[in-house]
Each structure stands twice: as C-alpha cells, then as structure tokens.
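Biologist: I've got this model open and I'd like to learn how to read it. Can you walk me through it?

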Amino acid sequence: MIMLTLLRHPELLRQPSPPISEGLASVGIDEDAVFVCPPDEDVAETLRAMRIDDWAQTYRLTKPQATTLTDAIFWLIAREKALVAADKRLASAGRHDAGSSDRPGPSPDLDPDLRHAINTAMADEWWTLVLADAALTLPMPTPRALAELAHQPAAGQSRATRGHRRYLAGRAAEALGHPLAAAAHYRAADQLIDCPDALLHLAGIEADRGDFTAAGALLERAQTPASHPLVKRIGDVLAHRKATEPQRPPGRNERCWCGTGLKYKMCHGRAGTTGPLAERARSLNARVTWFLTDTSHDAMARLIDVAT
C-alpha cells in the first residue's frame, strides 16, 4: 500500500522523517500502516532499498537487476508526469499540438549512468518483460515514457538489447492505441531475438484485424498454452469458420459463404485485408470481456476514464 502510494506520489520520498507520516496521511494512508523510518536514515534511500529487495524476491532478479529496475521505474513515473504536465500547459494555452509527446523520441533527461545500466539489463528477456508489465500496470501507467525509453540511441548495443527495445516500443505503442505501429515493432523484434511474448502480442493484433489463421500460426510459434484466453478465442472463431465455410470456395463474383452479402472477391477471397466485421465482432467481444475480467489491472476504472 505504501509503495503504491509512493509510486503515485514520488514527491513524498523527498520529505524527511517524521513529516512523511503526515504526507502519507494526506493522500489517504491509514496511520497504522505508515512506515516509520529510523531518524538517522534517509527516507528515500530506505524506501528505495525496500523496493529493490521486494522486486528481487518477487521476480527472482539479481540485486543489480532489481536496482536498475527500481531506478528505471522511478524515472518512468517522473517522465510520464512531466509529459502530462507539458500537455496540460499546451492545452491551457490553446495550442493544438497538446498530446504531441505521443510521438516517441529519445528523452533528454535520462542520466547516462542509468541509461548504461538499463542497456545492460535489457539484454535479459525476463528483466525486459518485468519492466514492461510494471510500467504499464502502475496506478499511473507510463506508456509514453516507456516509448521514449525504448527509442534511446541504440548504437553499440547488443542484438538482444536492440530486440528487446523493439519489444518495449511495441508494448508502448499498443498501450497508446497504435496497433499497426506496435505490430511493426513486434515483427522487428522477432527478426532480432526469440521473444514469445512479442509473438503473443502480435497474434492479438492479427486476431483483432480478423486474420485468425496468421494469429494461430503466431501462437503456435510462441508455444502458447491451450489455456490462454487468446488461444481459446481464436479456436472458437476457426471452429465456427470450419463449420460454415463450404468445401469448395465460391467463385470470385459469387456471394461469400460467410453471409455478409458481399461478393467473395470483396470479402474472404480478398487477400491482405481484414476479416468481415461480423466475424471479427465475436473475437473483439471476447477480447473486451477478457479485458474487463482481467485482475492484473483496474480495467473498468481505465475504461471509465477514457469514456469520460
């Protein structure tokens, strides 16, 4: 509870003891739950050390990996807040380019030592997956800051680091609502490294576009277990297609077998296009249902924020 509050309000880390108790109480933390730092210790460093130990144990990271993860997360939070504040200033000034920071680029304020530590840690696939999930499931998700981190200069980096950067760029683009850009990043990552999670996310994008055959092939490559919701979703669509698709494909100018009323050449016979909306709707509805019931994040609250 305390760590989540500190992630949301990192300014509390700069408060000396004992005022941190008052600061935590000001954002709704029960006094009984307040961590009391010994008077001869620095609050920020003590809490940072606690977070490092927690992530090292939870995700089975080495101490250097957990240290870099902690510092990277704190940087992402601070950077995302700076981007949000910049957008608010632009909006209040009546500028039409508010939100332009969605366009990724290298961040000017990333400490060189931290950049080097992140590049080193990012060669490890597990560390990269943990960073992506942590950055996008925080109380205040940090997709734009993650995009900036992914687009840091890549000169001299290992093939693994460059591949994992493209994976992070894909996760950030997907979170920002740019699925085609995300798909391009995932494909680039797949050319550089063996990353099943990139294939899994790419399969989700292909399924949303209606290309269930390609999505199924990607899931097979990623060796995704049959219990995964996406595997079941695609399996249901392909089973329905098999039950309704005729043994002989209709002629190009005949009505398509799926019931849309379109000619076959303009529907399932048209190469390189998305599937018909009626067919995609079943898959998209299943994805929305899964999203709303996923307990890894407060999905409903995020949807309400978007709607309002």
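Modeller: Sure, starting with pLDDT, which is the predictor's confidence in each residue, from 0 to 100. The chain here averages 76, and 63% of its residues reach 70 or more. It's a predicted model, so local features need pLDDT of at least 70, side-chain atom pairs count only at pLDDT 80 or more, and totals for chains, interfaces and linings use all residues. Residues are numbered from 1 along each chain as its sequence is written, and side-chain values use heavy atoms, leaving out hydrogens and water.

Biologist: Where is confidence lowest, and where highest?

Modeller: Helices are DSSP runs (H or I, at least four residues), numbered from the N terminus. Helix α1 (residues 2-8) is lowest, at a mean of 49, while α8 is highest, at 94. Where pLDDT is low, don't read the predicted coordinates in detail.

Biologist: And how do I read aromatic pairs?

Modeller: Rings of Phe, Tyr and Trp (its six-membered ring) pair if their centres lie within 6.5 Å; planes under 30 degrees apart are stacked, over 60 edge-to-face, the rest tilted. This structure holds one such pair. Tyr167 and Tyr186 have ring centres 6.3 Å apart and planes at 45°, so the pair is tilted. Tyr167 sits in helix α8 (residues 159-175) and Tyr186 in helix α9 (residues 179-192), so the pair ties together parts 19 residues apart in sequence.

Biologist: Are Tyr167 and Tyr186 buried or exposed?

Modeller: Buried means under 20% relative accessible area, exposed over 50%, partly exposed in between (1.4 Å probe, protein chains only). Both Tyr167 and Tyr186 are buried. Ile73, in helix α4 (residues 63-92), is buried too, with a relative accessible area of 0%.

Conventions: Helix = DSSP H or I, 4+ residues; strand = E, 2+ residues; numbered from the N terminus.
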